[in-house]
Amino acid sequence: MSTTTEPSETLRESSTQPKRIEIRLSTVLAGLLVTALVIATCVFAALYLSVRGELTGQEASAANNVHAEQVAADYALGASTIDYRDTAAWFDNLKANTTPQLAAKFDATTQQLEQILLPLQWTSVATPITSVVTSETDGIFTVNTFLNVTSTSAQTPQGTATTVTYALTIDKNNDWKITDVGGLEGALPGN
């Protein structure tokens, strides 16, 4: 009688022997290199996106500052350009791009201002020097604007030149409306 080995016994014998897997060193090194490249790419992508976000934020902030400075300069030029023969245009300039509350304050003083301008025969022409954002909080900008103003009146028909300063508060969240206008009492911009 011959002994035959059943297939299940052969499987049991071969499964009890440890299997050996051979991997070449070059394959391991290539795998490590690919893994390192993937990690480095992810790190650099994250850094790039972070820096890009910061730059975009800085660019937006700079653009907002430039816009606020332009709003302030435009307002100051209009407010400093006066002709006693056309006070209505000047009053319109005083109220231009202001909130209704600030415009109402100017409306309340119209007659008193007119009583000063007409007898003096006041005229003035302004040229901008500079505008500077001094602060910004939650879309509320404070801007200092400086102008050279040449004025004539019945008392000084030859004209006088002065530097005029404005401190304006501008609300970006309210369509860049001017919410307050004041003077700086002779402050000059720094270099």
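This report walks through a predicted model of a protein chain, from its overall layout down to a few single residues.

## The overall layout

Let's start with the big picture. The protein chain holds four helices and five strands. Reading from the N terminus, the elements come in the order α-α-β-α-α-β-β-β-β. The chain has 191 residues, and 25% of them are buried.

## The sheet

The five strands make an open sheet in the order S1-S2-S3-S4-S5, and the pairing is antiparallel. At the edges sit strand S1, residues 82-83, and strand S5, residues 177-182, each of which pairs on one side only. Just two bridges tie S1 to S2, and these strands run antiparallel. If you want to find this spot in the model, look for Ile82, which stands opposite Ser124 in S2.

Next, take S2 and S3. Strand S2 covers residues 123-137 and strand S3 covers residues 140-152; 13 bridges join the two, again antiparallel. Two handy landmarks help you follow this pairing: Val132 faces Asn144 in S3, and Glu136 stands opposite Phe141 in S3. S2 and S3 form a hairpin with two residues between the strands, and there Asp138 takes a positive phi near 50°. As a general aid when looking at strands, side chains in a regular strand alternate between the two faces of the sheet.

## The largest pocket

Now for the pocket. The largest pocket has a volume of about 250 Å³. It is lined by 13 residues, and those closest to its centre are Ala79, Ile82, Trp90, Leu94 and Tyr166. Several elements give two or more residues to this lining: helix H2 (25-80), helix H3 (87-95), helix H4 (100-120) and strand S4 (160-171).

Which element gives the largest share of the lining? That is H4, with four residues. And what kinds of residues line the largest pocket, by class? Eleven are nonpolar and two are polar, while none is charged. Ile82 turns up twice in this story: Ile82 is among the residues closest to the pocket's centre, and Ile82 also stands opposite Ser124 in S2.

## Helix H4

H4 deserves a look of its own. This helix has 21 residues and reaches 29 Å from its first C-alpha to its last, close to the 30 Å expected at 1.5 Å a residue. Even so, H4 has a kink of about 50°, centred on Thr110.

Thr110 is also one of the buried residues of H4. The others are Leu102, Ala103, Phe106 and Leu117. For reading a list like that, it helps to know that an α-helix has 3.6 residues a turn, so residues three or four places apart point the same way.

## Two loop residues with positive phi

Finally, two residues in loops are worth finding. Asn97 lies in the loop between H3 and H4. Asn97 is not a glycine, yet has a positive phi of about 60°. Is Asn97 buried, partly exposed or exposed? Asn97 counts as partly exposed because its relative accessibility is 31%, and the partly exposed class runs between the 20% and 50% cut-offs.

Asp175 sits in the loop between S4 and S5. Asp175 isn't a glycine either, and has a positive phi of about 55°. With a relative accessible area of 58%, Asp175 is exposed, since that class takes residues over 50%.

Methods:
Residues numbered from 1 in each chain as written. Predicted model: local features only at pLDDT ≥ 70, side-chain atom pairs only at ≥ 80, totals over all residues. Heavy atoms only, no water. Pairing = 2+ DSSP bridges. 1 Å grid on protein atoms, 1.4 Å probe; cavity = no way out; pocket = protein on both sides within 12 Å on 5 of 7 lines; lining within 4 Å. Points joined across faces, edges and corners; volume = space filled by probe spheres on them. Nonpolar A, V, L, I, M, F, W, Y, C, P; charged D, E, K, R; others polar. Expected span 1.5 Å × (residues − 1). Bend = angle between axes of the 7 residues up to and from the residue. Buried < 20%, exposed > 50% of the residue type's maximum accessible area, 1.4 Å probe, protein only.
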